Amino acid sequence: MDLYFNAYILKMQWSKKHIISIKDFSRAEIDFVLEKSARMEGLLASGKSTKLMSDKILATLFFEPSTRTKMSFEAAMLRLGGRVIGFSGVSDTSIEKGETMLDTVRMAAGYADMIVMRHPVEGSSRLASENVDVPVINGGDGANQHPTQTLLDLYTIKKQFGKIDGMNICMVGDLKYGRTIHSLVDALKMYDVELRFISPQNLKIPAYMTKELKKSKIKFEEREDLNVQGCDIVYVQRIQRERFPDPQEYEKVKDCYVVDLGVADMMKENAIIMHALPRVTEIKHEVDETKNAKYFQQARNGVPVRMAVLCLVSGVDF
Ligand code: NCD
């Protein structure tokens, strides 16, 4: 009875909720989505998901480039039997004529049942969500948050290890501007994990985040050398060239870490390498064939997770 009641309450909390920051969700709510994602993966495999969204339209508003987030949301919606409208890049929209982001989002809310948006300015999705009636899903706002990436990252971890608690997770690269890192750390604070942050001095994880980790009593260490020994997960983050105010600063750090076969050898036998992708030079292609490389599977997991998320925000039962 209690279990049934809890599931009911969680579903009610999810219904019509915007997904802006992973911080807006409790651990119970996150775990609930992970369970629903597993269920959705089963429905997807058996071909039973194709009518869940047959009367719905998703708008994808990508003011900033995207391959995976945009395509996996589109694939998710199509696999649910729904339809998709939207744009990628503002060059063929009225933003070129001076229309504001908010007016553009308001228009989309009149044409679609849900919106996924990505924008270079931090806080843009929050602002959008406060001005429309349909659910808004943040597909990345500047260096701030990328909550559905975090859900698929956690899903990947859980699928691999059967749990998230107890994991020793190392994050490597641009920890200052990487929104996937910021979202993931915000979520992992709710679990019993140990973290290791590896970055150059000028790309360290923001101080306010380490403060929050201390408050949450999460064990962590910060270092500069690429020592991944003892970790269960090595999460690599691209150096976010587009966020550097000074291109020369980017040039100095762009190749600071390269995960190659030597680094993979240093890892625990069953440790995995994750990356939100796109990768540039930070993981050598030779690593792709190792059993540790899980980043392509991670990207594929985006489809069932985003299918579950789309159903949950629009109150579709499955
Ligand atoms: C990430 C992003 O856009 O934040 N990519 C993604 O969504 N899969 C990471 C990145 O661009 O480095």
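This is a short tour of the ligand site and two backbone spots in a predicted model.

Before you click, note that residues count from 1 along each chain as its sequence is written. Local features here need pLDDT of at least 70 and side-chain atom pairs pLDDT 80 or more, while totals for chains, interfaces and linings use all residues, and side-chain values use heavy atoms, with hydrogens and water left out.

**Stop one: the ligand.** Select the ligand and show what surrounds it. You should find 13 residues, where being near takes a heavy atom within 4 Å. Among the closest are His 146 and Gln 240. By class, this shell holds three nonpolar, six polar and four charged residues; Ala, Val, Leu, Ile, Met, Phe, Trp, Tyr, Cys and Pro count as nonpolar, Asp, Glu, Lys and Arg as charged, and the others, Gly among them, as polar.

**Stop two: the polar contacts.** These are pairs of N or O atoms within 3.5 Å. Pick Arg 179 first: a polar atom of its side chain is 2.7 Å from a ligand oxygen. Next, select Arg 238, whose side chain places an N or O atom 2.9 Å from an oxygen of the ligand. Then show the backbone of Ala 276, where an N or O atom lies 3.0 Å from a ligand nitrogen. How much of the ligand does the protein bury? Of the 320 Å² that the ligand exposes when taken alone, 95% is buried (Shrake-Rupley method, 1.4 Å probe).

**Stop three: what builds the shell.** Color helix 3 (68–79) and helix 7 (179–188), the elements that each give two or more residues to the shell; helices are DSSP runs of H or I with at least four residues, and strands are E runs of at least two. Now color by domain, with bounds from an automatic or database assignment: domain 1 (2–146 + 301–314) and domain 2 (148–300) each supply at least three shell residues.

**Stop four: the backbone.** Go to Leu 277, one of the closest residues to the ligand. Its peptide bond to Pro 278 is cis, with omega near 10°. Pro 278 sits in the loop between strand 9 (272–275) and helix 11 (295–313). Finish at Lys 217, a non-glycine residue with a positive phi near 60°, in the loop between helix 8 (207–215) and strand 7 (219–223).

Methods. Polar contact = N/O pair within 3.5 Å; in protein donor to acceptor, adjacent residues only side chain to side chain.
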